[in-house]
Amino acid sequence: MPLFQAIVLGLIQGLTEFLPISSTAHLTVIPWLLGWKDPGLTFDIALHLGTLAAILIYFFRDWMQVLSQGFGARVAGDAALGRNRMLLWLMAAATIPIGIFGYAFNKQAETTWRTPDVIAAMMIGVGVILWWAERSGRRQKDLGQLTFADALSIGFAQVLAIVPGTSRSGITIAAGLFRNLDRATAARFSFLLSTPAIAAAAAKQLYDLMKHEGGIPPEMRTPMVVGILVSAVSGALVIHLFINYLRRGTLNVFIAYRVIFGIIIVALAHFFRFTGG
């Protein structure tokens, strides 16, 4: 893989994983438009590791506080987190659905569901859900007020992210808004909740790579490092900018973008032989 391609794909991952616009849709469509081959499992791992690194970099202090409080330690830190000492266990409970359904439907997500029509339908459908959530949520709660019912609702919403085109951040932020979290809090919890799911996905891919392909091919080592670094740095920056934006802005621009991009995917599939493969 040329280093330029690794940089571009890393940037796409970093820019789209944390915005509610579906990284899968963009990583499927844009390489096809550019005439690039599927980078394969090795580079998929790089993108997952970069995404995981971005979350851990940006939320390092939050995770230290959540973990410490979860095991009974008293630590100084974020006030909202400090008011919810059970947050670690709420996230653990909320992660169970994606663990079960991800294991059960992983093969379909990588094959039969990865079609233009499915991706386009999810782009548009989740855009409509975000529109509804944006207008119905009361936006009154922060992480200090997050309940078990809130966490589990968002956890079950995360299951839908298995389907290509959904956007993990998009569907979980929508669920958070429906549970009356404010926008920035919904995004913050979405990113924290995604950490174990992304880590598990990366670990599974690494296991498959070692078991079935004998490890990282020598020619992919440099592109893999570049992909991890680019997606991690760009992803951490996007998290920072997006959360700050949500403190004063709406999701309307992302909703419109999803619908337009979904229509474009339909057009590419039916007029330009885009298959999604």
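Of the contacts in this protein with a separation of 6 or more, 81% are between residues 24 or more positions apart. I should state at once that we are looking at a predicted model.

Let me turn to the elements that make up the chain. The protein has twelve helices and zero strands. From the N terminus on, then, every element in the order is an α. The radius of gyration is 18 Å, close to the 19 Å that the globule rule gives for 277 residues, so the protein is as compact as a globular protein of that length. Along the principal axes, the C-alpha atoms fill a box of roughly 50 × 40 × 35 Å.

Next, the surface and the interior. Of the 277 residues, 50% are buried. The accessible surface comes to about 13000 Å², and carbon and sulfur atoms account for 67% of that area. As for charge, the protein carries 22 positive and 14 negative charges, and the mean positions of the two sets are 6 Å apart.

I should now like to direct your attention to one helix, α6, which spans residues 87-110. Thr95 has its place there. Is Thr95 buried or exposed? Its relative accessibility is 18%, and the limit for a buried residue is under 20%, so Thr95 counts as buried. Which residues does Thr95 touch, once its neighbours within four places in sequence are left aside? They are Leu193 and Pro196. As a guide to distance, Thr95 and Lys107 are twelve residues apart in sequence, and their C-alpha atoms are 19 Å apart in space.

The same helix also brings us to the aromatic residues. Across the whole structure, a search finds 13 aromatic pairs. One of them is formed by Phe101 and Phe105, whose rings are stacked, with 6.3 Å from centre to centre and 10° between the planes. Both residues lie in helix α6, four residues apart, which is about one turn of the helix. How accessible are these two side chains? Phe101, at 33% relative accessibility, counts as partly exposed. Phe105 is also partly exposed, with a relative accessible area of 31%.

Finally, I draw your attention to a group of rings elsewhere in the sequence. Ring pairs link Phe18, Tyr58, Phe59, Phe191, Phe242, Tyr245 and Phe254 into a cluster.

To close, I return to two points for those new to this structure. The predicted model consists of twelve helices with zero strands, and 50% of its residues are buried. Thank you for your attention.

Notes: Residues numbered from 1 in each chain as written. Predicted model: local features only at pLDDT ≥ 70, side-chain atom pairs only at ≥ 80, totals over all residues. Heavy atoms only, no water. Helix = DSSP H or I, 4+ residues; strand = E, 2+ residues; numbered from the N terminus. Rg over C-alpha atoms; globule rule 2.2 N^0.38 Å. Buried < 20%, exposed > 50% of the residue type's maximum accessible area, 1.4 Å probe, protein only. Contact = heavy atoms within 4.5 Å. Areas by Shrake-Rupley, 256 points an atom, 1.4 Å probe, with all protein chains shown as cover. Lys, Arg positive; Asp, Glu negative; His and termini not counted. Charge placed at Lys NZ, Arg CZ, Asp CG, Glu CD. Phe/Tyr/Trp six-rings, centres within 6.5 Å; stacked < 30°, edge-to-face > 60°.
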